[in-house]
Amino acid sequence: MVFARRSAIYMLLVALLALFLSPFGWLAVTALKDASELRVLPIHWWPHDPNPDNFAGALTTFDYLGYARNSLTIATLYAVLVTLASAWAGFGFARLNAPGKRAIFGVLMSTMMMPTIITLIPTYLMFSKLHLVNTYMPWVLWGLCGAPYLIFLFRQFFSNMPKELEEAAIVDGCGTFRIFLRIFLPQSWPVIATSMILSFSWTWGDYIGPALFLDDAHTTLAVKLAGGYVNAHGEPMPNLVASGAVMYVVPVLVLFLIMQRGFVSGIATSGLK
Amino acid sequence: MSSGQLLKDSARVVPSPSSGAAARPRRKRLSLRQRRQGAFYAFTGPWVLGFLGLTAYPLGYALWLSFTNSDGLSNRSRFVGLANYREVFTDPDTLASLGRTAVFTGITVPLSILAGLILAVLVNQPIRARGLFRTLLYLPAVVPPVGAALTFKLIFDRDSGAANGVLDLLGINGISWLTDPYARWVLIVLTMWGVGNVMIVSLAGLQDIPRELLEAARVDGASSFQSFTRITLPLLSPVIFFQVVTGIIATLQSFAPLLIALNPTPAGVTSVPQSNYFYMIDVFAQFFANGRYGYASAMLWVLFAIIILVTLLLFKISKSAVFYSVEPESAKNKPRTIGDA
């Protein structure tokens, strides 16, 4: 009975896995195909003559590594700043009380509901007057303020931590800043990991931000890739698009696989067990 | 923190009230509550400042723009009152794009939450290699939007895509997937590919449910279906609610169709097929193709109002449907024991 049930779950999971991973497979297959293999019928499910030159082509059609460096700089800068700032604010909303808290929290929630673009274009006009367009300052400023979604995530996590942890520390004479830094922050490393991964991949993957705020010289890989690789007739070249996309996506997947230890199982562990 | 460090901290901190009392008597009267109030403002202050400068100010600017006929460039814009708003509510194209977005939201949000919950339950079963299953099912959700969009453009490419390859095996002629009326299905499939996000949050919620509760239920003779509906779902409802709210908000403002369009640039919005012409695509078109900053700002404010209304409605419903097991303010009244449950 138990064996039959487990086998059924296994088969279901394996089938789902095949379904979910097949797009990666097609991306890899297309990335290795020679241009002559792209428009044939019946379709080639496997590259008959794998052509690794596509990757070189994808790297040199435009300054791929230069744009990757831009993406990496922005994403790292933002991820570190926004995670610390969000944990900081999330702790305040979860564990501290003061007049006006309800109102401020209400504002935070409605900010989370804000269509990002509603502020993005006026912000663009504002930043261009301040000469901050085509610099990474917008990402620094956004990072330092924390992101509502991440603040909410930290707030949820900190709210669920037992009150005893805090009370013991207060009895010991621990100040609020130290309670945050020594007790709550170390406990929240699964949320920190989540926040880092989320904010890094948002920024690495963000399209509309850099498309608005950065010109062609400063923009990110996402913007450059989205236009794709087109030939002299303006038609996209699928094999170059695929190899460019592989090199863009794989670092994110590798980063996730390295950092996911404890990320999945530890996301909701609380202080007392 | 090591116990030695903890002891050292206590030794340094404990005598301080008496010495502080001698030097600064007022400091002593600052109660714990007052100090923690000050700390609240210190902790939330940076965000409040950022909100004022980077959200409230731009938002007010957009509101001002929405009452003008500004094109964002020239200084010749003038006040037009509510004309832009009147146009939003009467223009058939704008209303159609809003309806299209609502339908897409109504399909993908419940579908994602249901599928994500099923996946979470599956990968929470006590089976071998479940960590691997979790990781690999979540993997697509990590793929950046542009990468995912490019991948699906390749799969659904008319000439070289796998989708038409499968149809060819079945003896069916190829379809132009990325054009009307099929583009909407490509977008739904693309959205569902990232369902791992929902799975991982639901899974975290599942793991937060005390195992003792489920064991007690089993001892009392509850079936696994009963303990799922009576224990797991109520305890999971805050997590599900959180995902409904954020899912709807994110989908209503989605501009994902732009990324699978023929020409995925802000100026290329006109290449988005009709069936994927969402409200936000219309906003982009008004901003970048037509240069109607005033009208587009009004559209944004209308969307903002809709989102606020929907969210308020959801929170109202949630009062009866969502079960919060631990509330920090009233923790004393609700001991976290299961002894007499």
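**Close-ups of a two-chain model**

**View 1. B:Ala129 counts as exposed, with 11 C-beta neighbours inside 10 Å.** Exposed here means 12 or fewer such neighbours, so with 11 of them B:Ala129 makes the cut. Keep in mind as you look around that this is a predicted model. Where does B:Ala129 sit in chain B? You'll find B:Ala129 in the loop that runs between helix H6 (92-123) and helix H7 (130-142). The backbone does something worth a look here: phi of B:Ala129 is near 65°, a positive value, and the residue isn't a glycine.

**View 2. A:His131 is another non-glycine residue with a positive phi, near 60°.** Which helices flank A:His131? Helix H5 (116-129) and helix H6 (137-145) of chain A do, and A:His131 is in the loop between them. Is A:His131 buried or exposed? With 9 other C-beta atoms within 10 Å, A:His131 is exposed, because the cut-off for that label is 12 or fewer.

**View 3. B:Asp180 and B:Pro181 are joined by a cis peptide bond.** Check the omega angle of this bond and you get about -5°. B:Pro181 belongs to a loop of chain B, with helix H9 (162-169) on one side in sequence and helix H10 (183-193) on the other.

**View 4. Residues 72-91 of chain A are helix from end to end, at 100%.** There's no strand in this span (0%), and its end C-alpha atoms are 28 Å apart. An unreviewed UniProt entry lists residues 72-91 as a "transmembrane region" of chain A. The same entry also gives that label to 103-127, 139-158, 179-204 and 240-259.

**View 5. Residues 240-259 of chain A are 100% helix too.** Strand again comes to 0%, and from one end C-alpha atom to the other you'd cover 29 Å. This is one of the stretches that the unreviewed UniProt entry lists under "transmembrane region".

**View 6. Zooming out, chain A has 13 helices and 0 strands.** Follow the chain from the N terminus and each element you meet is an α. What is the radius of gyration of chain A? The value is 24 Å, whereas a compact globule of 273 residues would have one near 19 Å. Along its principal axes, the C-alpha trace of chain A spans about 75 × 70 × 25 Å. Of the 273 residues in chain A, 43% are buried. As for contacts between residues at least 6 apart in sequence, 76% of those in chain A join residues at least 24 apart.

Terms used:
Residues are numbered from 1 along each chain as its sequence is written. Chains are lettered from A and ligands numbered from 1 in the order in which they are written. This is a predicted model: local features need pLDDT of at least 70, side-chain atom pairs count only at pLDDT 80 or more; totals for chains, interfaces and linings use all residues. UniProt positions are given in the numbering used here, feature names are shortened, and annotations may be inferred rather than shown by experiment. Helices (H or I, at least four residues) and strands (E, at least two) are DSSP runs, numbered from the N terminus. The radius of gyration is taken over C-alpha atoms; the globule rule is 2.2 Å times the number of residues to the power 0.38. A residue is buried if 20 or more other C-beta atoms lie within 10 Å of its own, exposed if 12 or fewer, and partly exposed in between; C-beta atoms are placed from the backbone. Two residues are in contact if their C-beta atoms, placed from the backbone, lie within 7 Å.
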